[in-house]
Amino acid sequence: MAAQELKTEQEIVNKFQQLLEERNALSTAAIERRSEVAEHELVVKTLEPLDASRKCFKLLGDILVERTVGEVLPTVNENKNNLLSLVRTYEQQLEAKQAEVLAFQDKYKIRVKARPVGLDVRLRCEVFCTSVHQGQSLRAPCPLVQGEGENQAAPKAQAPGSGKQGVLVSNS
């Protein structure tokens, strides 16, 4: 973050959202590269047991080129290793960005509330409460849900028939 202090709430929110977007972009890039590594590993696994003089084809852009396994395998291994190095770099950058996000949250005392996912959380909670109370229907709002957007995580499961209320898991 620049040495400039953020003065308004909107500036703080915008900067926080920017940091989250940067973190998500790094995460997405790392996931995509991991997927490419897995594809390269599959190709290597397929080509390794074959004779080095065996004919194979490699797609370069829009052109299909005829090569031998002996020519292609070292290139695929090298590309895989380069991708692994890139994944490690992305993961290091992601850790640094996560630390930056957490430091920003601490500095400006930002608390991220769990976003309601519609009726899903309330329904899971009501089903949980109904099972906890031995099948009795709940006419009042679920006692484990404390309002829209607050502590809406599903309670921890417990042993069947224990008759005790669940434990709320706070997302903040």
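What follows is a walk through a predicted model, from its overall layout to its helices, hairpin and side-chain pairs.

The chain contains three helices and two strands. Along the sequence these elements come in the order α-β-β-α-α. Of the 172 residues in the chain, 23% are buried. Among contacts with a separation of 6 or more, 58% are made by residues 24 or more positions apart.

Helix α1 covers residues 9-47. At 1.5 Å a residue, its 39 residues should span 57 Å, and because the end C-alpha atoms are 57 Å apart, the expected and computed spans agree. The buried residues of α1 include Ile12, Phe16, Leu19, Leu26, Ala29, Ala30, Val37, Val44 and Leu47. Two residues with charged side chains, Lys15 and Arg33, are also on the list of buried residues. The packing partner of the buried residues of α1 is helix α2, residues 69-108. A point of helix geometry is useful when reading such a list: an α-helix has 3.6 residues a turn, so residues three or four places apart point the same way.

Between these two helices in the sequence come the strands. Strand β1 takes up residues 55-60 and strand β2 residues 63-68, and the two pair in the antiparallel sense over six bridges. One of the bridge partnerships joins Lys58 to Val65 in β2. The two strands form a hairpin with two residues between them, and Gly61 in the turn has a positive phi of about 65°. In a regular strand the side chains alternate between the two faces of the sheet.

A salt bridge also spans the hairpin: the side chains of Lys55 and Glu66 meet at 3.9 Å, N to O. Lys55 lies in strand β1 and Glu66 in strand β2, so this pair ties together parts that are 11 residues apart in sequence. Lys55 is exposed, because its relative accessible area is 52%, while Glu66, at 46%, is partly exposed.

Helix α2 carries an annotation. An unreviewed UniProt entry lists residues 80-107 as "coiled-coil region". In the model this span is 100% helix and 0% strand, and its end C-alpha atoms lie 40 Å apart.

The aromatic side chains give a link between α1 and α2. The chain has two aromatic pairs. Phe16 and Phe104 make a stacked pair, with 6.1 Å centre to centre and 10° between the planes. Phe16 lies in helix α1 and Phe104 in helix α2, so the pair ties together parts that are 88 residues apart in sequence. Phe16 counts as buried because its relative accessibility is 9%, and Phe104 is buried with a relative accessible area of 4%. Phe104 also pairs with Tyr108, and here the arrangement is tilted: 4.8 Å centre to centre and 50° between the planes. What sequence spacing separates Phe104 and Tyr108 in helix α2? They are four residues apart, and therefore separated by about one helical turn. Tyr108 is buried, as is Phe104. Phe16, Phe104 and Tyr108 together form one aromatic cluster.

The charged residues provide further pairs. Side chains of opposite charge can pair when their charged atoms come close. The count of salt bridges comes to six. One of them is between Arg34 and Glu91, whose closest N and O atoms are 2.8 Å apart. Arg34 lies in helix α1 and Glu91 in helix α2, so the pair ties together parts that are 57 residues apart in sequence. Arg34 counts as partly exposed at 39% relative accessibility; Glu91 is also partly exposed, with a relative accessible area of 28%.

The residue before Arg34 in the numbering, Arg33, forms a salt bridge with Glu32, at 3.5 Å, N to O. Is Arg33 buried or exposed? Arg33 is buried, because its relative accessible area of 17% falls under the 20% cut-off. Glu32 is partly exposed, with a relative accessible area of 40%. In addition, Glu22, Lys97 and Glu100 are linked in a network of salt bridges.

Taken together, helices α1 and α2 are connected by the packing of the buried residues of α1 against α2, by the stacked pair of Phe16 and Phe104, and by the salt bridge of Arg34 with Glu91.

How values were computed:
Residues numbered from 1 in each chain as written. Predicted model: local features only at pLDDT ≥ 70, side-chain atom pairs only at ≥ 80, totals over all residues. Heavy atoms only, no water. Pairing = 2+ DSSP bridges. UniProt positions renumbered as here; feature names shortened; annotations may be inferred. Expected span 1.5 Å × (residues − 1). Buried < 20%, exposed > 50% of the residue type's maximum accessible area, 1.4 Å probe, protein only. Contact = heavy atoms within 4.5 Å. Phe/Tyr/Trp six-rings, centres within 6.5 Å; stacked < 30°, edge-to-face > 60°. Salt bridge = Lys/Arg side-chain N within 4 Å of Asp/Glu carboxyl O.
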